[in-house]
Amino acid sequence: MEPIRTLRSHTVVLAQQNIDTDQIIPARFLKITHREGLGRWLFSDWRYQPDGSPRPDFILEQPEARGAQVLVAGDNFGCGSSREHAPWALVDWGFRAVISSSIADIFSNNAIKNGLLPVRVDAEFHRRLLAEPGSQVTIDLEHRTVQLADGTEATFPLDPFARYCLMNGVDELGFLLSQEEAIARFEEARS
């Protein structure tokens with residue numbers, strides 16, 4: 001995973017509420033067990049017409065979406081079934097963070113484990129982001145803040161261990177493996 005410390009990007013806004021994991025990445029694309037290539041199918045049912053051609057009016061098909069690393073979504077983002085493919089698809093497309101006023105817990109846990117930062121902000125700050133697509137934001141993971149270009153700032157909660165893992169580009173297993181020497185010393189001291 002790539003570490004996240006400070007993230008500066010313009011936003012893409014997908015204001016729908018209750019975007020579930022099947023809308024993020026439909027179940028028919030869950031046949032693979034690797035992360036690469038899923039960004040192509042991100043929001044597939046909204047993004048493509050029945051004949052497979054892109055819907056030019058869908059936000060990810062708009063020129064202003066190119067290069068965006070921050071998705072601002074409506075309330076209750078990532079609800080529904082647990083699937084790691086949802087954060088895989090978001091990261092493969094190029095997103096590094098999702099901002100909403102509420103993000104499903106299971107999705108948040110899967111996101112963190114796969115290098116995607118779930119950012120929960122208060123309702124007022126969220127409404128402003130929804131109303132201003134393309135806003136420039138700076139996410140400071142060390143201080144757990146999101147700042148707009150005019151200096152308006154919001155803080156967000158994040159478990160300290162999750163924050164450590166994201167800032168260091170390591171998942172839980174990677175963290176445990178990095179502690180191999182300390183574990184060996186502990187085991188040696190016990191015997």
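How much space lies in the largest pocket? The answer opens this report on a predicted model.

## The largest pocket

About 280 Å³ of space lies in the largest pocket. Its lining consists of 17 residues, and Ser108, Asn109, Ile112, Asp159 and Ala162 are the ones nearest the centre. Two or more lining residues come from each of the elements α4 (105-113), β4 (117-120) and α6 (160-168). The greatest contribution is that of α4, which supplies five residues.

In chemical character, the lining of the largest pocket comprises nine nonpolar, two polar and six charged residues.

## The second largest pocket

The second largest pocket holds about 170 Å³ of space. Its lining is formed by Met1, Glu2, Arg35, Glu36, Trp88, Val91, Asp92, Arg96, Asn114 and Gly115. Of the residues lining the second largest pocket, three are nonpolar, two polar and five charged.

## Aromatic rings

A pair of aromatic rings is described by the distance of the centres and the angle of the planes. The model contains six aromatic pairs. In one pair, the ring centres of tryptophan 93 and phenylalanine 95 are 4.5 Å apart and the planes meet at 25 degrees, so the pair counts as stacked; the cut-off for stacking is under 30 degrees. Tryptophan 93 and phenylalanine 95 are both buried.

One aromatic cluster is made up of Phe29, Trp41 and Tyr48.

## Cysteines

The count of disulfides is zero. Cysteine 79 has a relative accessibility of 17% and therefore counts as buried, the limit being under 20%. Cysteine 165, at 4% relative accessibility, also counts as buried.

Conventions:
Residues are numbered from 1 along each chain as its sequence is written. This is a predicted model: local features need pLDDT of at least 70, side-chain atom pairs count only at pLDDT 80 or more; totals for chains, interfaces and linings use all residues. Side-chain values use heavy atoms; hydrogens and water are left out. Rings of Phe, Tyr and Trp (its six-membered ring) pair if their centres lie within 6.5 Å; planes under 30 degrees apart count as stacked, over 60 as edge-to-face and the rest as tilted. Buried means under 20% relative accessible area, exposed over 50%, partly exposed in between (1.4 Å probe, protein chains only). A disulfide is a pair of cysteine sulfur atoms within 2.5 Å. On a 1 Å grid over the protein atoms alone, a cavity is a set of points where a 1.4 Å probe fits but cannot get out, and a pocket is an open set with protein on both sides within 12 Å along at least five of seven lines; lining residues have an atom within 4 Å of a point. Grid points are joined across faces, edges and corners, and a volume is the space filled by probe spheres set on the points. Helices (H or I, at least four residues) and strands (E, at least two) are DSSP runs, numbered from the N terminus. Ala, Val, Leu, Ile, Met, Phe, Trp, Tyr, Cys and Pro count as nonpolar, Asp, Glu, Lys and Arg as charged, and the others, Gly among them, as polar.
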